[in-house]
Amino acid sequence: FLGGAASDEPLATLAGRDVLEAGGNAVDAATAIYFTLAVTLPSSASLGGGGVCIVHDAQSNVTLTLDFKTKASHDKPILSNRANAVPGNVAGFFALHSRYGRLPWAQLVAPAEGLARFGFKVSRALSHDLKKIGNAFFKQPEASKIFGHSVHGGVLVEGDILRQTKLADVIGKIRKKGSSALYRQPGAEYFAASISSGGGFLTVSDM
């Protein structure tokens with residue numbers, strides 16, 4: 001069997017390749033790619049996003065669609081212009097893996113946790129996205145600490161090292177507990193509070 005993997009960021013693609021070489025299937029590879037992208041290209045695929053996945057089961061010849069797009073905040077969908085959508089990615093990939101995955105969940109999530117904790121070189125793709133956002137980062141102190149350059153004062157550029165220890169902690173809990181680490185207490189409260197501190201609006205009940 002020959003498998004292939006593609007993504008918008010090199011380290012994420014390599015994560016998918018490694019999973020296929022380890023005996024994983026397409027769902028395993030997609031899961032590993034997503035969590036790696038959440039670290040290495042969060043502008044494109046973060047823990048706060050959502051999506052749709054189409055899966056074809058060759059043995060049963062059945063094709064199914066899993067919809068885990070983001071949902072509007074229930075508490076203040078109209079009154080607050082700061083409302084954020086409820087993320088669907090983590091729940092979606094956990095459900096996808098539960099049904100079709102072959103390798104252990106922790107094995108697929110752990111590489112992303114390591115990249116976040118110990119750092120990686122910013123890719124051309126991430127550097128490009130950071131440049132587009134530019135000074136908007138510096139309006140948020142926490143984001144500035146993560147994506148700002150401590151020497152020249154701008155955003156990180158290709159080749160700089162990016163470490164995200166708080167993100168590593170969250171992914172580590174997801175690795176251990178699955179999607180409940182994000183959508184139930186205490187993870188839900190932490191995530192909602194992080195959104196609020198960044199100027200958005202999301203509640204624990206939304207999660």
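This briefing describes the pockets, two buried residues and the salt bridges of the structure above. The model is predicted. Its largest pocket holds about 1,600 Å³ of space, and the second largest has a volume of about 500 Å³. Seven salt bridges are found in the whole structure.

**The largest pocket**

- The largest pocket encloses about 1,600 Å³. Its lining consists of 49 residues, and those closest to the centre are Pro 42, Ser 46, Leu 47, Gly 48 and Ile 195.
- Several helices and one strand each contribute at least two residues to this lining: α2 (26-40), β1 (51-57), α3 (89-100), α5 (124-133), α6 (141-147), α7 (165-177) and α9 (187-197).
- By residue type, the lining of the largest pocket comprises 29 nonpolar, 17 polar and three charged residues.

**The second largest pocket**

- A set of 22 residues lines the second largest pocket, and Asn 25, Ala 26, Val 27, Val 55 and His 56 lie nearest its centre. Two or more lining residues come from each of the elements α2 and β1.
- The lining of this second pocket is made up of 14 nonpolar, six polar and two charged residues.

**Two buried residues**

- Leu 202 is located in the segment that follows α9. Its relative accessible area is 4%, which is under 20%, so Leu 202 is classed as buried.
- Apart from neighbours within four places in sequence, Leu 202 is in contact with Asn 84, Ala 85, Val 86, Pro 87, Phe 191, Ala 192, Ile 195, Ser 196 and Met 207. One of these partners, Ile 195, is also among the residues closest to the centre of the largest pocket.
- The C-alpha atoms of Leu 202 and Gly 51 are separated by 19 Å, and the two residues stand 151 residues apart along the chain.
- Ser 179 belongs to the loop between α7 and α8 (180-183). With a relative accessibility of 13%, Ser 179 also counts as buried.
- When neighbours within four places in sequence are left aside, Ser 179 is in contact with Val 90, Ala 91 and Phe 94.

**Salt bridges**

- Side chains of opposite charge can pair when their charged atoms come close. The pairs described below are among the seven salt bridges of the structure.
- Arg 17 and Asp 18 are joined through their side chains by a salt bridge with an N to O distance of 2.9 Å. Arg 17 is partly exposed at 41% relative accessible area, and Asp 18 is partly exposed at 38%.
- Glu 113 forms a salt bridge with Arg 175, and their closest N and O atoms are 2.5 Å apart. Because Glu 113 lies in helix α4 (residues 105-118) and Arg 175 in helix α7, this pair ties together parts that are 62 residues apart in sequence.
- Glu 113 counts as buried, with 12% relative accessibility, whereas Arg 175 counts as partly exposed, with 24%.
- Asp 129 forms a salt bridge with Lys 132, with the closest N and O atoms 3.9 Å apart. Both residues lie in helix α5, three residues apart, which is about one turn of the helix.
- Asp 129 is buried at 16% relative accessible area, while Lys 132 is exposed at 61%.
- Glu 113, Arg 117, Asp 169 and Arg 175 are joined into one network by salt bridges that share partners.

How values were computed. Residues are numbered from 1 along each chain as its sequence is written. This is a predicted model: local features need pLDDT of at least 70, side-chain atom pairs count only at pLDDT 80 or more; totals for chains, interfaces and linings use all residues. Side-chain values use heavy atoms; hydrogens and water are left out. On a 1 Å grid over the protein atoms alone, a cavity is a set of points where a 1.4 Å probe fits but cannot get out, and a pocket is an open set with protein on both sides within 12 Å along at least five of seven lines; lining residues have an atom within 4 Å of a point. Grid points are joined across faces, edges and corners, and a volume is the space filled by probe spheres set on the points. Helices (H or I, at least four residues) and strands (E, at least two) are DSSP runs, numbered from the N terminus. Ala, Val, Leu, Ile, Met, Phe, Trp, Tyr, Cys and Pro count as nonpolar, Asp, Glu, Lys and Arg as charged, and the others, Gly among them, as polar. Buried means under 20% relative accessible area, exposed over 50%, partly exposed in between (1.4 Å probe, protein chains only). Contact means heavy atoms within 4.5 Å. A salt bridge is a side-chain nitrogen of Lys or Arg within 4 Å of a carboxyl oxygen of Asp or Glu.
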